[in-house]
Amino acid sequence: MNLQGDQLPFIIFAIIAIYGGLFMIMTKKVVHMIISLVFTFISIACLYVLLLAEFVAVVQILIYSGAITIMMLFGIMLTKHKDETKKKVHWKKNVLVFISIVTFGTVVFLGIYKLDFGTVPQALHENNTEQIGMSLYSHYIIPFELTSVILLVALIGAIILAKKEEKEEKEVEEE
């Protein structure tokens, strides 16, 4: 298997994305989960850059790495968590899950590695970000603005709900 110049960064970012996802599943602290999720989102954005999808990469960083991660942090901080102890999982189940994941990954890799798409090169869009922007702000401006209003209403609603819970807690403590 010969590695070309763009395959090595692709493999590195893919491994970072996979390990970020695995670390997010395996860790118990919520803040560590979110940090590993950010690493996964950023490495996926880097994969989009390697695939010449710059707009999707920027959206991935702005929306997922920024906005959704911050919303998750606010959600964690604004909700109550009860510490519950979970039953320990038997080691045989962990080994079975690991073997299943490795088997699935191997089958998918072999299926993709032997797949032949043909050698006819396709012309890519030269200014794909400009074309997306022109389409978004000319044909889809009303849904775009409605989405921003809906997100603003959701944010205000979350703040109002959080404040009501604080007032209810203070009233209960005073009684």
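**Notebook: charged patches, a loop and a helix pairing**

I began with Lys164, which at 49% relative accessibility counts as partly exposed (buried is under 20% relative accessible area, exposed over 50%, and partly exposed in between, with a 1.4 Å probe and protein chains only). The model is a predicted one, in which local features need pLDDT of at least 70 and side-chain atom pairs count only at pLDDT 80 or more, while totals for chains, interfaces and linings use all residues. Residues are numbered from 1 along each chain as its sequence is written, and side-chain values use heavy atoms, with hydrogens and water left out.

**Entry on the whole chain**

I then looked up the overall make-up and found six helices and zero strands (DSSP runs numbered from the N terminus, helices being H or I of at least four residues and strands E of at least two). Read from the N terminus on, the elements run α-α-α-α-α-α. Of the 175 residues in the chain, 11% are buried. The chain exposes about 15,400 Å², and carbon and sulfur atoms supply 70% of that area (Shrake-Rupley method, 1.4 Å probe; for residues, only the protein chains shown count as cover). Among contacts with a separation of 6 or more, 56% join residues that lie 24 or more positions apart (contact means heavy atoms within 4.5 Å).

**Entry on helix H6**

Which helix holds Lys164? I located Lys164 in helix H6, where I also placed Glu171, the helix covering residues 141-174. Lys164 belongs to a surface patch of positive charge together with Lys163, Lys167 and Lys170 (patch residues have over 30% relative accessible area and no salt bridge, with like charges joined within 9 Å and nonpolar side chains, Val, Leu, Ile, Met, Phe, Trp and Tyr, within 5 Å). Glu171, for its part, forms a negative surface patch with Glu168, Glu173 and Glu174 (Lys and Arg count as positive, Asp and Glu as negative, His and chain ends not at all; each charge sits at NZ of Lys, CZ of Arg, CG of Asp or CD of Glu; a salt bridge is a Lys or Arg side-chain nitrogen within 4 Å of an Asp or Glu carboxyl oxygen). With a relative accessible area of 49%, Glu171 is partly exposed.

**Entry on Leu52**

Next I turned to the loop between helix H2 (30-50) and helix H3 (54-78), which is where I found Leu52. Although Leu52 is not a glycine, its phi is positive, at about 65°. I noted Leu52 as partly exposed, with 49% relative accessibility.

**Entry on helices H1 and H2**

Is Ser43 buried or exposed? Ser43, whose place is in helix H2, proved to be buried, with a relative accessible area of 2%. Leaving out residues up to four places away in sequence, I listed Phe13, Ile16 and Ala17 as the residues that Ser43 touches.

I followed this to Ile16, which lies in helix H1 (residues 7-26) and counts as partly exposed at 34% relative accessibility. With the exclusion of residues up to four places away in sequence, Ile16 touches Phe39 and Ser43. I also noted that Ile16 and Phe41 stand 25 residues apart in sequence and 9.8 Å apart in space, C-alpha to C-alpha.

Phe39 has its place in helix H2 and is exposed, with a relative accessible area of 53%. From Phe39 to Ala17, I recorded 22 residues in sequence and 6.9 Å in space, C-alpha to C-alpha.
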